[in-house]
Amino acid sequence: VTGYLLRRLGHALATILVAVTLVFLAMRALPGNPLLARFGQHPDLKQIEWLEKQYGWDRPVHEQLGTFYWRIVRYGDFGESIARPTKSVAGELREKVPATIELTVAALVIAIPFGMAAGTAAAAWKNRWPDRLCTFGSLLGVSVPVFFLAIGLRAVLPWFPVSGRLPSTEAAFEPLTGLFTLDTLLRSRLDLLPAVLHHLVLPATALSTIPMAIIARITRGSVLEVLAADYIRTARAKGSSLLRVVLRHALPNAAVPITNIVGLQVGLLLSGAVLTETVFDWPGLGLYVKAAVVGDTDYPAVQGAAIVIATMFVSINFLVDLLFVWLDPRIRVK
Amino acid sequence: MTNDELTHAFHSDFGFRISSLCKIASLSLFAAALLFAAGCGGSGSGSRGNVLIYAQSDDPKTLDPISTDIAEAVHVITNVFDTLVTYDETTTDLVPSLAESWNTSADGLTWTFKLRPGVLFHDGTPCNATAVKLTFDRLLVPLTKSSSEDGIKQHGLLAHPHVYDAVRPYQSAYSMIQGIETPDDLTVVFKLSHPSAIFLNNLAMFPVSISSPQGLAEHGRNFAEHPVGTGPFKFVKWNRGQRIVLERFEEHWRGPAKVKSLIVVPVQENATRMQRLERGEVHIAEGLSPAELDVLAKNDELVVQSHEAMNVAYLTMNVEKPPLGNRKVREAIALAIDKNTLLQIGYGGNAQVGVSMVPPTMWGHDKTMVDRPFDLAKAKQLMEEAAAEEGLKLPIRLELSVMNQARIYLQQPLPMAKFLKDSLAPIGIEVSIQGRDVSAHFDALMGGEHQLGLAGWNSDNNDPDNFLYSLCDQDNISKAGNNLSRFRSDKLHALLIAGQKEMDKEKRLKIYSDAQRLILQEVPVVPLAHTQIRTAHVKGLAGFQLHTTALVRFRNAHFEAAQ
């Protein structure tokens with residue numbers, strides 16, 4: 001087992017290295033650089049050339065790449081943002097990642113139960129109205145663009161705030177972990193918990209539609225497959241009710257593909273829901289990466305975020321693999 | 001293990017798993033229900049009265065006046081700091097601010113400013129000549145060579161201990177300053193290298209916002225996110241990406257501001273900003289599109305304020321890309337654009353036709369200049385002549401660069417680009433549109449990669465030099481220069497340099513009139529429009545007055561008592 005784990009770890013590291021190097025090269029290939037974005041309407045060629053030299057951008061790309069990795073090894077950080085001078089990228093990411101985790105968890109809390117329930121119902125009543133409703137709903141879920149969904153949700157649920165994490169006037173609150181739901185407890189500000197949850201509802205709902213739809217479809221397919229199996233027929237023949245058969249036999253056997261897809265979705269969501277975060281002004285990883293790539297061409301910020309995202313993605317996949325072992329004893333036996 | 005035992009183990013194992021799976025699912029369901037239920041409390045509308053909430057389209061990157069160029073930062077800086085001179089509340093006249101009075105030597109090389117006595121910074125220290133000198137030194141100190149391998153990150157990299165960020169976009173606007181002397185606590189003397197007509201205007205700009213020496217020493221590198229000035233609002237807190245909180249400065253030399261606190265929130269999406277205003281979650285929303293403002297204007301709870309501005313939107317034609325070097329081609333393009341229709345398409349009619357690069361709201365704009373009429377027949381004829389001269393076969397293909405994001409001077413860039421494409425088709429120019437994000441767009445344009453390009457400019461300092469020299473002089477052709485058409489003319493250059501050094505306003509008027517006529521004749525650019533500033537806010541907000549120079553000032557803003 002240790003050998004297996006080590007091999008997996010090696011794969012994971014290699015994956016991260018390749019992903020981050022690709023991002024590094026892609027950023028250098030993009031037109032423009034962080035300085036031009038900062039000087040805006042008033043570029044000053046003399047200053048720009050001086051700064052480019054200071055940052056080492058006049059060096060060959062492979063040398064810059066080497067410096068970048070050496071810096072991580074030597075100082076253990078990702079450097080300072082160029083767009084926001086004096087801010088360390090690592091420090092900024094520590095603020096942004098929890099915001100995204102909170103949003104992701106909230107979205108999954110909505111997506112998993114509803115998605116699984118809908119998928120199971122669709123399978124149990126195949127080709128009847130619950131099935132059609134589920135199919136239609138999941139098609140809608142994956143295809144409605146977030147910005148449109150946001151407008152719709154705000155109209156349907158007008159008592160929830162339009163955007164942000166807390167009311168603008170709530171400035172005294174000092175987050176600790178960055179997970180506001182937890183921080184209200186840690187900072188003894190439970191009075192703020194309703195407001196925090198309140199602000200979570202619309203973005204989490206908007207973010208949940210795609211994973212919910214995918215989970216529903218996968219659940220439906222897996223449960224259907226299991227329901228067609230011989231042992232289910234046997235169970236039914238022995239007099240088990242449909243509900244018991246689905247809950248006791250079909251769902252557990254469908255657990256592996258469902259976990260698989262949930263794991264993938266978690267990875268995707270954590271890597272930053274750019275659109276949702278933009279529309280709802282959620283100051284998370286997605287918004288951070290978007291600003292760094294599109295507006296600021298902020299090399300250190302993009303590279304730091306790439307490392308964090310790649311690491312999270314790889315770790316979650318690893319966790320999912322471990323979960324398989326727990327969920328499906330056959331994998332363990334092998 | 002027998003077969004039977006195996007089956008049994010398998011089942012009991014699964015039994016355990018399914019029950020925990022069910023538990024997880026039902027727990028999630030419960031949490032989801034809680035999430036929704038908790039939300040049904042009161043709605044989070046912004047409280048009126050002593051708190052004013054301003055929504056803008058992005059979060060600033062830095063609040064250090066010397067290191068920024070973007071409007072979102074300037075809106076905050078303007079209210080935290082004061083400058084030596086400033087613009088009148090309503091007009092574009094320069095009035096005393098931290099400087100009480102000033103005079104110029106006969107040769108125009110020495111400017112002496114008397115500072116207002118008794119002015120305090122937010123940290124309680126007095127605003128004196130030392131602070132003024134420090135402010136200018138930070139902006140002007142030259143870059144030095146670094147021997148440290150860690151480069152930028154190290155302290156003391158620049159020749160000044162209080163410069164923490166080497167990016168100083170406006171440095172060149174103050175390059176005429178050769179030395180600053182402080183004979184006493186309240187006197188500052190500027191020695192200039194040459195007489196400059198734009199010097200005083202430049203002193204009203206935000207990069208020379210007078211900063212507290214103690215604040216700089218205390219916050220060091222963090223001054224960028226903890227600015228200390230003398231302005232009507234003092235900085236309290238900045239949650240990046242969420243809000244900037246300012247509080248009124250009770251000891252402000254002009255008396256305290258009317259609202260107690262000012263909160264600036266970044267709201268990225270126009271639609272979101274608009275909805276937050278409609279819900280009363282914010283009180284002022286800037287940067288909305290004409291169509292959105294038209295919707296809001298119909299709302300009884302809201303007011304859409306419009307005000308003249310100082311900007312220009314124009315079409316640049318890169319003269320280094322044939323056949324745009326041929327004046328006839330450029331003139332044909334200018335003749336083929338129906339600017340009145342363009343105003344409807346690009347601005348919903350809320351703009352003025354551009355004839356000169358200098359906006360009509362600015363002194364020095366030559367009102368007597370007559371634009372080329374919209375004349376397709378003449379345009380076609382010119383194109384045919386040019387084609388013959390250049391040995392080209394019509395139609396020719398040209399690429400039009402355009403930015404994907406709106407700017408105040410280009411509120412709907414893509415529809416405008418499409419209109420230009422349709423306008424040029426009949427005269428034998430097939431246009432393909434190349435859209436880019438705004439910083440990449442200007443990067444390409446400054447690099448001279450484009451053929452045609454949509455661009456624009458906002459005034460910095462209320463002087464025609466800022467439009468004509470910056471956008472049309474041959475000094476500003478480089479990969480970072482704003483003469484995007486790369487048009488060279490010694491005659492124009494001589495005029496524009498003379499305009500900078502001439503102190504007599506009447507003579508400058510004549511010089512700039514000549515320059516504008518020369519540009520109209522040579523058509524390196526086609527001025528398209530000058531737009532208004534429009535901002536929406538809640539009804540009952542008084543004392544918030546848009547300004548021609550796009551300054552956003554909150555000192556007088558307040559809510560009228562509800563009836």
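Student: In this predicted model, which residue forms a salt bridge with Lys133(B)?

Tutor: The model is predicted, so side-chain atom pairs count only at pLDDT 80 or more. The closest N and O atoms of the pair are 3.1 Å apart. A salt bridge needs a Lys or Arg nitrogen within 4 Å of an Asp or Glu carboxyl oxygen. The partner of Lys133(B) is Asp137(B).

Student: Where do Lys133(B) and Asp137(B) both lie?

Tutor: The two residues are 4 residues apart. That is about one turn of the helix. Both lie in helix 3 of chain B.

Student: Is Lys133(B) buried, partly exposed or exposed?

Tutor: Buried means under 20% relative accessible area, and exposed means over 50%. Lys133(B) has 26% relative accessibility, so the residue falls in between. Its partner Asp137(B) has 25% and gets that label too. Lys133(B) is partly exposed.

Student: Which residue forms a salt bridge with Asp64(B)?

Tutor: Side chains of opposite charge can pair when their charged atoms come close. For Asp64(B), the closest N and O atoms of the pair are 2.5 Å apart. The partner is Arg138(B).

Student: How many residues apart are Asp64(B) and Arg138(B)?

Tutor: Asp64(B) sits in the loop between strand 1 (51–56) and helix 2 (71–80) of chain B. Arg138(B) sits in helix 3 (residues 129–140) of chain B. The pair links distant parts of the chain. The separation is 74 residues.

Student: Is Arg138(B) buried or exposed?

Tutor: The cut-off for buried is under 20% relative accessible area. Asp64(B), at 3%, meets it. Arg138(B) has 1% relative accessibility. So Arg138(B) is buried.

Student: Why are Arg327(B) and Glu331(B) separated by about one helical turn?

Tutor: These residues form a salt bridge, with closest N and O atoms 3.0 Å apart. Both belong to helix 8 (residues 327–335) of chain B. They are about one helical turn apart because their spacing in that helix is 4 residues.

Student: Which of the two counts as buried, Arg327(B) or Glu331(B)?

Tutor: Buried means under 20% relative accessible area. Arg327(B) has 33% and counts as partly exposed. At 11%, the buried one is Glu331(B).

Student: Which residue of chain B joins the salt-bridge network with Arg84(A), Glu92(A), Asp296(A) and Asp298(A)?

Tutor: Salt bridges that share partners make this one network. Its chain A members are Arg84(A), Glu92(A), Asp296(A) and Asp298(A). The chain B member is Lys61(B).

Student: How much space lies in the largest cavity?

Tutor: There are 7 cavities of 30 Å³ or more. The second largest has a volume of about 100 Å³. The space in the largest is about 300 Å³.

Student: How many charged residues are in the lining of the largest cavity?

Tutor: The residues closest to the centre of the largest cavity are Lys96(A), Ala291(A), Asp58(B), Asp59(B) and Gly241(B). Helix 5 (89–124) and helix 13 (285–295) of chain A each supply at least two lining residues. By class, the lining has 6 nonpolar and 2 polar residues. The charged count is 10.

Student: Which helix of chain A holds Leu186(A)?

Tutor: Leu186(A) is one of the residues of a nonpolar surface patch of about 470 Å². The others are Leu176(A), Leu182(A), Leu185(A) and Leu190(A). Leu186(A) is partly exposed, at 45% relative accessibility. It lies in helix 8 (residues 180–186).

Student: Which residue follows Pro322(B) across a cis peptide bond?

Tutor: Omega of this bond is near 5°. The residue lies in the loop between strand 13 (311–317) and helix 8 of chain B. Another cis bond joins Leu394(B) and Pro395(B), with omega about -5°. The residue after Pro322(B) is Pro323(B).

Student: What is the phi of Asn127(A)?

Tutor: Asn127(A) is in the loop between helix 5 and helix 6 (129–143) of chain A. The residue is partly exposed, at 48% relative accessibility. Its phi is positive although Asn127(A) is not a glycine. The value is about 65°.

Key
Residues are numbered from 1 along each chain as its sequence is written. Chains are lettered from A and ligands numbered from 1 in the order in which they are written. This is a predicted model: local features need pLDDT of at least 70, side-chain atom pairs count only at pLDDT 80 or more; totals for chains, interfaces and linings use all residues. Side-chain values use heavy atoms; hydrogens and water are left out. Patches are made of residues with over 30% relative accessible area and no salt bridge: like charges are joined within 9 Å, nonpolar side chains (Val, Leu, Ile, Met, Phe, Trp, Tyr) within 5 Å. Accessible areas come from the Shrake-Rupley method with a 1.4 Å probe; for residues, only the protein chains shown count as cover. A salt bridge is a side-chain nitrogen of Lys or Arg within 4 Å of a carboxyl oxygen of Asp or Glu. Buried means under 20% relative accessible area, exposed over 50%, partly exposed in between (1.4 Å probe, protein chains only). On a 1 Å grid over the protein atoms alone, a cavity is a set of points where a 1.4 Å probe fits but cannot get out, and a pocket is an open set with protein on both sides within 12 Å along at least five of seven lines; lining residues have an atom within 4 Å of a point. Grid points are joined across faces, edges and corners, and a volume is the space filled by probe spheres set on the points. Ala, Val, Leu, Ile, Met, Phe, Trp, Tyr, Cys and Pro count as nonpolar, Asp, Glu, Lys and Arg as charged, and the others, Gly among them, as polar.
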